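Please walk through this structure step by step, beginning with its cysteines and then turning to its interior.

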Amino acid sequence: MKVGDKLSHISRRDLFKVAGQYGMSSTLLAAGTFGGAMSVANLAAAAESSYEKRFAKEPKYTLKMGAAGFNQRNLLVERAGVLEFLRDLESRTDGEIRVEFIGDNQICNQLSCVEKTQQGIVDMYAASTQNSAGGAPYLNVLDYAYMFRSRADQYYFLYSPKSQEVLRDPFEKMHGLKFLFSHAELRGIQLGLSWADRETVTSVEQLAGTKNRVTGTQLGRIAMQALNLNPVPIAWEETLDGLKQGLIDGAETWASAVAYANMSPVVSQCVDLRFFCGTEHTAMNASVFDSMEGYLQDAIMESAYLAQVHVQAANEAALVNTVGFSTPQLPDTIFAQNDVRIANLSDAEIKKAEEMCSPEYQPALWEEWRERINGWAGGIDTYQEIYDEVRTNPHTLAENVEPRRWWKA
């Protein structure tokens with residue numbers, strides 16, 4: 001079944017009509033339970049059932065989640081786990097916590113969700129750590145070039161108690177936000193249509209001199225400048241137009257982001273450079289968390305753990321079966337349908353790129369930001385701590401990484 005088939009017979013107008021009656025959260029949570037295509041009547045019945053369960057009792061806490069540009073359709077492409085988390089949390093707390101899901105950039109976008117959560121406009125948010133780094137600069141800690149070798153390393157770190165010490169605790173102390181869970185991919189360069197008739201990229205040199213969109217991450221820019229990728233800051237919501245109009249050669253992002261954002265028609269090559277994190281995380285206002293009873297705090301953590309396990313398995317499957325981020329590609333995937341080629345670089349080329357830009361080989365490039373982040377973290381060497389931790393990871397496949405409750409030593 002192709003992406004969006006569940007909702008393909010339902011117009012946006014009908015979707016909002018059902019949501020107007022039962023609420024967008026109840027409607028989206030209901031849609032996520034269908035295994036196949038649905039009609040408006042089926043969706044309405046499921047939404048009514050979802051609504052009745054969710055509103056069977058008065059909640060102790062009603063929270064708002066700003067989910068940037070996400071909705072039920074694109075969360076089947078990039079499996080960020082947001083709806084699974086909300087569904088489990090409401091069920092686990094027997095309705096004592098109810099969450100209003102507000103996606104489609106209705107209340108905040110990739111750049112602003114973090115700030116609106118800090119301000120208390122929303123209580124939770126989902127957005128990339130790199131876009132959120134503009135408002136919460138400690139998130140740059142994830143973006144040292146080639147600190148992670150693979151998606152397996154990323155999940156290994158997210159499950160590790162070391163992530164509590166190096167990522168979560170300093171993030172909460174500095175920004176008042178609680179990092180709950182995240183999807184994990186590594187960023188490459190997504191080349192526009194001007195590269196459609198050119199040979200598939202196999203070397204770092206072929207990318208030299210290209211002009212590429214960069215997110216809010218400061219560390220990502222350091223790596224791109226060292227690789228001669230000419231970073232141009234462009235908001236995520238404007239990247240599609242930038243590629244379409246040829247204002248940029250490409251964009252640094254990850255495969256499922258291209259697919260979920262309908263960017264595939266204007267991307268010709270997905271260059272698997274893997275040079276720093278692509279992490280679509282979910283976090284919440286720490287003061288809201290702290291105001292809750294202990295058993296509800298425990299429930300939030302357990303639902304975050306379940307969502308993390310779900311994301312690890314579901315996104316790995318979706319990359320192959322939905323996105324088409326594999327060699328060879330499956331025929332009905334988004335990339336295959338839009339003629340997006342996967343440009344795989346050899347281990348030697350990845351090593352060459354690493355030697356050009358990583359803190360391991362070019363420490364002077366990172367010195368200023370490394371000292372700044374280390375200071376925020378209380379003086380620990382953040383890069384070295386994460387680098388050493390993930391190199392104890394025995395797994396090469398992300399789906400084989402053992403889940404652990406990171407807040408328990």
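In this predicted model, a good place to begin is Cys-108, which counts as buried because its relative accessibility is 4%, under the 20% that marks the limit for burial. Cys-108 forms a disulfide with Cys-113, the two sulfur atoms lying 2.0 Å apart, and Cys-113 is itself buried, with a relative accessible area of 0%. The torsion about the S-S bond of this pair is about 80°, so the disulfide is right-handed. The count of disulfides in the model comes to one.

Two further cysteines show why a buried position does not by itself bring a bond: Cys-270 is buried at a relative accessible area of 2%, yet its sulfur is 16 Å from the closest cysteine sulfur, in Cys-277, which is too far for a bond. Cys-277, buried at 1% relative accessibility, has its closest cysteine sulfur in Cys-357, and the 14 Å between them is again too far for a bond.

From the cysteines we can turn to the nonpolar interior. The largest nonpolar core has 122 residues, and those with the most contacts inside it are Phe-85, Phe-275 and Phe-335; its largest share, ten residues, comes from helix H13, which spans residues 294-323. Leaving out residues up to four places away in sequence, Phe-85 touches several partners, among them Met-124, Leu-180, Phe-181 and Ile-300, as well as Ser-303.

Ser-303 is also in contact with Asp-88, as is Leu-306, when neighbours within four places in sequence are set aside. Asp-88 is found in helix H4, residues 82-92, and counts as buried because its relative accessibility is 17%.

Methods: Residues numbered from 1 in each chain as written. Predicted model: local features only at pLDDT ≥ 70, side-chain atom pairs only at ≥ 80, totals over all residues. Heavy atoms only, no water. Core = buried A, V, L, I, M, F, W, Y, C linked by side-chain atoms within 4.5 Å. Buried < 20%, exposed > 50% of the residue type's maximum accessible area, 1.4 Å probe, protein only. Helix = DSSP H or I, 4+ residues; strand = E, 2+ residues; numbered from the N terminus. Contact = heavy atoms within 4.5 Å. Disulfide = S-S within 2.5 Å.
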